[in-house]
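This report goes through one protein chain, from its overall form to single residues. Please keep the sequence and the model in view while reading.

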Amino acid sequence: MLPELTDTDRSLYEWQMWVPGVGEEGQRKLKGASVLISRAGGLGGLVALELAAAGVGRLVLAHGGRLKLADLNRQLLQTRDHVGEVRMESIKKRLKDLNPDCDIVGVAENASVENADALVAQADLVVDAAPLFQERLALNAAARRAGKPMVECAMHTLEASVTTFIPGRTGCLACYVPEVPVTWTRQFPVFGAVSGTAACIGAMEVIKLITGIGDPLAGEMLCMDLGRMAFRRVKLPRREDCEVCGTFRV
């Protein structure tokens with residue numbers, strides 16, 4: 001059963017409930033939803049911020065480590081006085097300042113093969129915003145095992161991409177990235193405005209999945225070159241021999 005809206009909810013979300021197809025029922029769906037976000041940094045942190053602002057009822061955030069000064073050009077949930085401290089405490093505080101009604105579950109560790117299933121089990125859908133493919137592929141496999149959608153957000157230099165994987169309807173991340181690329185590294189060039197662009201589009205994908213409005217990027221990847229402001233949609237493969245989703249049936 002969907003939660004009821006309070007008078008505060010109706011005032012807060014009045015303008016977005018005017019969007020065709022949302023209304024009170026859509027806002028109740030947002031309030032009753034739970035979303036796992038893997039890494040709440042420059043990309044995932046902005047996804048979390050937009051979803052908290054939209055009234056999503058529960059956010060499960062997985063992000064380990066301590067804040068570094070070099071994080072602050074993009075990790076907008078952090079502040080300079082928190083450098084050297086555990087990232088998750090600042091993340092939770094900033095989101096609670098924005099939306100004290102949102103249930104924030106902070107897990108101060110990154111997604112891995114060992115914890116991915118337990119993380120995915122806590123949410124209705126998954127947002128993958130991790131910088132490492134080890135984390136991405138672990139989450140992808142766990143989301144498939146649980147039969148839950150996963151919104152995939154990524155960026156590098158001036159390029160970004162977003163897609164949505166839906167079990168039984170689309171392929172999965174492993175269909176086109178079957179293993180960790182040998183040349184990929186943890187550190188890469190990044191502007192906060194690029195990761196923020198991907199984050200806002202990823203958050204919109206989540207909102208569409210929860211409320212049912214619009215058409216998600218299912219089976220397609222939106223590729224963005226912000227240096228040239230060029231955008232294109234690319235069909236993604238669905239491999240029958242994929243070790244993760246090739247034998248999946250709804």
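The text below covers the whole chain, then aromatic pairs, backbone angles and a few residue positions.

## Basis

The model is predicted: local features need pLDDT of at least 70, side-chain atom pairs count only at pLDDT 80 or more, and totals for chains, interfaces and linings use all residues. Residues are numbered from 1 along each chain as its sequence is written, and side-chain values use heavy atoms, with hydrogens and water left out.

## The chain as a whole

Nine helices and eight strands make up the secondary structure of the chain. Helices (H or I, at least four residues) and strands (E, at least two) are DSSP runs, numbered from the N terminus. The C-alpha trace spans about 50 × 45 × 40 Å along its principal axes. The radius of gyration of the chain is 17 Å, which agrees with the value near 18 Å for a compact globule of 250 residues. This radius is taken over C-alpha atoms, and the globule rule is 2.2 Å times the number of residues to the power 0.38.

Of the 250 residues, 52% are buried. Buried means under 20% relative accessible area, exposed means over 50%, and partly exposed lies in between (1.4 Å probe, protein chains only). The chain exposes about 12,100 Å², and carbon and sulfur atoms supply 55% of that area. Accessible areas come from the Shrake-Rupley method with a 1.4 Å probe; for residues, only the protein chains shown count as cover.

A contact means heavy atoms within 4.5 Å. Among contacts between residues at least 6 apart in sequence, 65% join residues at least 24 apart.

There are 29 positive and 30 negative side chains, and the centres of the two sets lie 2 Å apart. Lys and Arg count as positive and Asp and Glu as negative, while His and the chain ends are not counted. The place of a charge is taken as NZ of Lys, CZ of Arg, CG of Asp or CD of Glu.

## Aromatic pairs

Rings of Phe, Tyr and Trp (its six-membered ring) pair if their centres lie within 6.5 Å; planes under 30 degrees apart count as stacked, over 60 as edge-to-face and the rest as tilted. The count by this rule is two aromatic pairs. Trp 15 and Trp 18 form a stacked pair, with 5.8 Å from centre to centre and 20 degrees between the planes. Trp 15 is exposed at 67% relative accessible area, and Trp 18 is exposed at 56%.

Phe 165 and Tyr 176 form a tilted pair, with 6.5 Å between centres and 45 degrees between planes. Phe 165 lies in strand β6 (residues 159-165) and Tyr 176 in helix α8 (residues 173-176), so this pair ties together parts that are eleven residues apart in sequence. Phe 165 is buried, with 4% relative accessibility, whereas Tyr 176 is partly exposed at 30%.

## Positive phi angles

Two residues other than glycine are listed here with their positive phi values.

| Residue | Phi | Loop |
|---|---|---|
| Arg 39 | near 75 degrees | between β1 (34-38) and α4 (44-54) |
| Thr 157 | near 50 degrees | between β5 (150-156) and β6 |

Arg 39 is buried, its relative accessible area being 7%. Thr 157 is partly exposed at 29% relative accessibility.

## Selected positions

Ala 62 belongs to strand β2 (residues 58-62) and is buried, with 0% relative accessibility. Leaving out residues up to four places away in sequence, Ala 62 touches Ile 37, Ser 38, Arg 39, Ala 40, Met 88, Val 107, Glu 109 and Leu 119. Leu 119 is 57 residues away from Ala 62 along the chain, yet the two C-alpha atoms are separated by 8.0 Å.

Asp 81 sits in the loop between β2 and α5 (87-98). Asp 81 is exposed, with a relative accessible area of 70%. From C-alpha to C-alpha, Asp 81 and Asn 140 are 35 Å apart in space, with their positions 59 residues apart in sequence.

Arg 10 is placed in helix α1 (residues 7-12) and is partly exposed, at 30% relative accessible area. Apart from neighbours within four places in sequence, Arg 10 contacts Leu 5, Met 17 and Glu 24. Ala 154 is 144 residues from Arg 10 along the chain, and their C-alpha atoms are separated by 33 Å.
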